[in-house]
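Let's take a walk through this complex, beginning with how its chains meet and then moving into the sheets of one of them.

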Amino acid sequence: MKILKNLLKSPFFVIGMGLFLITILVAVFSPIFYNIDIHTRVGAAYTNPGGKFILGTDHMGIDMFSLLLKGLQSSLYVGFMAGIIATVLGTFLGVYAGFKGGWIDDVITMVTNLFIVIPQFVILVLVSSSMKEGRSLSLIALLIGLTGWTWSARAVRAQAASLKSRDHISLAKVNGVGTIGIVMLHILPYLMSYVCMVFIMQTASGILSEAAISMIGLGPFDTVSLGTILNQAMRSEALTDGAWWAFMPAMILVTVISFALYMINTSMEGVFNPRLRK
Amino acid sequence: MTVEVQSSVAQTGTAPADKSKVIFEVQDLHLHYLTRFGSKIPAVSGVSFSMNKGEILGIAGESGCGKSTLVNGCMGLFIPPLYPTSGDVRVAGESIMNRTPADVRKNVLGRKVAMIPQGAFNSLNPTRKIKDFAADMISSHEKGSNKAEIYERLRQRFKIIGMTEDILNSYPIQITAGMRQRSVIAISTLLNPQMVIADEPTSALDVTTQKAVIKMIFDLLDKDIFSSMIFITHELPLLRHVADRIAVMYAGEFVEVGTTEQLIFDPRHPYTKALMGSMLSAEPGQKQKKPTAIEGAPPNLAKPIQGCRFAERCPVARKECRVNKQEIRIVAERQVRCDYAN
Amino acid sequence: MLKRYPTLYYISSRAVWYFITFLAAVTINFMLPRLGPANPVDIIMARTAGGLDTKAAMEKEESYLKGFGLVELNKDGSIVRDASNKPVQSPLIKQFFNYVKMCLKGDLGTSFLNYPKKVTEIIAGAIPWTLALQIPTIIIGWIIGNILGALAAYKRGVYDGVIFPAALLANAVPFFAFGMLLVYVFALQFNLFPAIGGYAQDLMPSMSWEFISSAAYYYVLPFFSIFLILAGGQAIGMRSMCIYELGTDYIKYAKWLGMKEHKIVFYMFRNAMLPQLTGLALSIGIMVGGALITEMIFSYPGLGMSMLTAIQGNDYPLIQGITLLVTLSVLIANFSVDILIGFLDPRVKAGIGGK
């Protein structure tokens, strides 16, 4: 918890975490305050914001604000799911490789490098483009998670490897504690804070990947996400029509989220790597 | 390994009678750190000593006693937040204080005073061959020599001190820690500085390598590649073998300065006594004592201290100790900073 | 035996690894589209066969099936059909070997949408634009970003106070968002730069000055939307690396030895650059993806646009061809960076059986 106190001292962390929490709160609690309706035509296409419609309407006359809120929920959902999958997978592989060393390490490292070098974007495009109907938010989250774990695997592996040579681990080994035991009881507690940072980054990257893939038209099939809003704006030429409300809010939201998470990451880097502190 | 102490070089604790042999002088040096809030922390308070040609002075003390700060001061290297308050440092009669940083870099560092840092074997640039790193050093101080000449000089110098050309052509990672340590010593002394300051040059090395390093130091001294040395360590047994004189430092001050024999076998200051008592190995001539730790920790110099700085932890402290500032007196032919040492 | 020549050993071991990765990539590239429940040909037929009569539709379907290598062929080239006259699908393994054979011959298939244009032809038309945009942008962005980061770390003070937050901001904005922002602000609101395309609509590609200057004009916004973000990211990373290097023992020692300032800066930069290069290798895959998306936003006539239209039109051979090419180039780029690092950092070679 000393780490938490240190983090709170950093303006980066406070701003970043604050923004992020606000976004989540908005996503979760907005239905209470606002009637989200993404299916009914409530006005003419591309009406300006003002009056009844805080953010105007989209190309089909649907309330833009509703779309935005729903999109936010979806994007956050995908981000978190992908983040969890990627973190769990990456942490497991990273700890195992870092701790065991030897040929297990070599094999896992090789697989990791394989997934790093083959662009995640490419895999997402290939898979999504061949699944026209079945693209749900969860599926996309799964895909992003399964291709994005490499970063956390690498990061966690480095930490685990440095912990491996510590004395209390050797003690545990001598006492006959098995690998799983050592990992659970002795390594993971040390890594917990690091894993949290990793999770935040993976979530950020998940949200961004989803937005990117949705923007080019390979997003979820029947739902709204921040990326699909952008895609729709592009397709309906909202850009050239000057209907800024059709894409600016979504874009700003994505930027804010990515910015907030990035801030958090910077502050955590500062805490975990003391040399960076002035 | 013992050192034969030449009578012409051996000092009593007092200032040398023969000024012409003095090569390094520190006169009442005060150094301070400037905190973010503008307050001054006195890191070194009134250190004075002088050294003759061919002499090795050992400085001993706990971590945080101000050794490293003193070292920076002795080199004229004042990087904020470290600043000189008052006092003078003279090398061969020339003062090295009150110079511009550019002047210090070009003329003092490496030329008059050189430093062998702690953890020397990590001090080499990992992506640069030894010969290139050394050449950088030379070309930073001398204009106009070409690469070929410099390499030749390096070869010659390394030959003189018994190191092979292979080492010159290697990267740090390709040679052993001991070789790196000796390379660092060679590089520091390339320009034949008058004074060399060695900060824990043998810590974290195995015993065989330690011996090789010390042998190299004596070798260089003999060949007149440098003229005198300050040897900093917290290992007193080492000082016994290496130093002519020893100065014990505590909380930014010298508390006792004298010959090696005097301090190791007949310490007078309570702190020196405690230090000797905390040694584990028994030196011949010393009574077998149980090693004792010194309780407590050095004082926080941010707060002004009244009286003796060691009073908090001194086993024989009296009431007066916490009130009266202790000055250096001559006791038993050496300098002691304690009114009550006998 | 090879261990005696560490450089050679290093290069060959990396080459072998990359080759294996390439094989894996080709396999993945092949397998993924075919994993879905739907047959790629069915999908495209569903979309485009609407207006054709049955016979024409069937012919089209056959040519697609053949082109995509999905079906068994008789000796005479006609499609093998089963009892209910439906084409028999080749087993996956056979399809795969067919695919590899075709690739080695340089034939990446025939585009569905632009039938009968070959995929390679379409790619060849788009590649110059992509290369012209990405390569200079990535190189210049990397160089300038690193220089700014080093400056911020070494000089501190005002430099750091300005560069650091600016870079942080630039780096946190996602590629596509930035592209859209630039389009909106500079193209639509202030009408300073064109929003769409690679060159003016009424011009034909040629080596004329008119064309080149037009292309340059259209180049500006896409360039900046990639460059600024890339430079920002590099600046942040380099700044951290330089701060780390400045605190190392050897830099302190160099200062104690009285080395000239420019030498110390050189040491700092050279050594901080190495992890940056590694980072570059890792992020080439991501950058290329981002750049492709940027192309899509600007309707820039490079591979990005080709991919977008291919995706929207379910043009599988084209999608597959582009992804394979992208993967291949990322691999080559990574390989080159690995070799470069091997030459610049003696510790790398020493780590692999060299000593």
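Start where chain A meets chain C: 44 residues from chain A and 55 residues from chain C take part in the contact. Keep in mind as you look around that this is a predicted model. The size of an interface is often given as the accessible area lost when the parts come together. For chain A and chain C that comes to about 4400 Å² buried, with carbon and sulfur atoms giving 80% of it. If you go hunting for charged pairs here, you'll come back empty-handed: the count between chain A and chain C is zero salt bridges. Polar contacts don't turn up either, with zero residue pairs between these two chains when both residues must be at pLDDT 80 or more.

Which elements of chain A give two or more residues to the side that touches chain C? They are α4 (102-117), α5 (120-130), α9 (179-218), α10 (226-235), α11 (238-241) and α12 (248-272) of chain A. Of these, α12(A) gives the most, with nine residues. Sort the residues on that side of chain A by type and you get 32 nonpolar, seven polar and five charged.

Now swing over to chain B and chain C. Here 28 residues of chain B are in contact with 21 residues of chain C. The two chains bury about 2200 Å² between them, 65% of it on carbon and sulfur atoms. On the chain B side, Pro126(B), Thr127(B) and Ile173(B) lose the most area to chain C, together 23% of what that side buries.

Side chains of opposite charge can pair when their charged atoms come close. Across the interface of chain B and chain C the rule finds one salt bridge. It's the one between Lys263(C) and Asp136(B), with N to O at 3.4 Å. There are also 11 residue pairs in polar contact across this interface, both residues at pLDDT 80 or more. The elements of chain B that give two or more residues to the side touching chain C are α1 (67-75), α3 (130-141) and α6 (177-188). The largest share, six residues, comes from α3(B). By type, that side of chain B divides into 13 nonpolar, 12 polar and three charged residues.

Next, have a look inside chain B, beginning with its four-stranded sheet. This one is open, runs in the order β2-β1-β4-β5 and has antiparallel pairing. The edge places go to β2 (40-52) and β5 (94-95) of chain B; each has a single partner strand, so one side of each is left without a neighbour in the sheet. At the β5(B) end, two bridges join it to β4 (residues 82-91) of chain B, and Val91(B) stands opposite Glu94(B). On the sheet packs α1(B), which touches β1 (22-34), β2 and β4 of chain B, and its direction makes about 120° with that of β1(B).

Follow β1(B) and you'll meet both of its partners. With β2(B) it pairs in the antiparallel sense over 10 bridges, and the bridge partner of Leu34(B) in β2(B) is Lys40(B). Five residues lie between the strands of that hairpin, and Gly38(B) takes a positive phi near 95° there. With β4(B), β1(B) is joined by eight bridges, again antiparallel; Leu31(B) stands opposite Pro84(B) in β4(B).

Chain B also has an eight-stranded open sheet, in the order β6-β7-β8-β3-β9-β10-β12-β11, and its pairing is mixed. Because β6 (113-116) and β11 (329-331) of chain B stand at the edges with a single partner strand each, one side of each is left without a neighbour in the sheet. The twist averages 25° from one strand to the next. At the β6(B) edge, that strand and β7 (residues 195-199) of chain B pair in the parallel sense over four bridges, with Ala114(B) opposite Val196(B).

One last stop is a salt bridge, one of 21 over all chains by this rule. Lys53(B) pairs with Asp224(B), the closest N and O atoms being 3.1 Å apart. This pair links distant parts of the chain, 171 residues apart: Lys53(B) sits in the loop between β2 and β3 (56-60) of chain B, and Asp224(B) in the loop between α7 (207-222) and β8 (228-232) of chain B.

Terms used: Residues numbered from 1 in each chain as written. Chains lettered and ligands numbered in written order. Predicted model: local features only at pLDDT ≥ 70, side-chain atom pairs only at ≥ 80, totals over all residues. Heavy atoms only, no water. Contact = heavy atoms within 4.5 Å. Buried area = accessible area lost by both parts, 1.4 Å probe. Salt bridge = Lys/Arg side-chain N within 4 Å of Asp/Glu carboxyl O. Polar contact = N/O pair within 3.5 Å; in protein donor to acceptor, adjacent residues only side chain to side chain. Nonpolar A, V, L, I, M, F, W, Y, C, P; charged D, E, K, R; others polar. Pairing = 2+ DSSP bridges. Axes fitted to C-alpha atoms, helices over the stretch in contact; angles between N-to-C directions.
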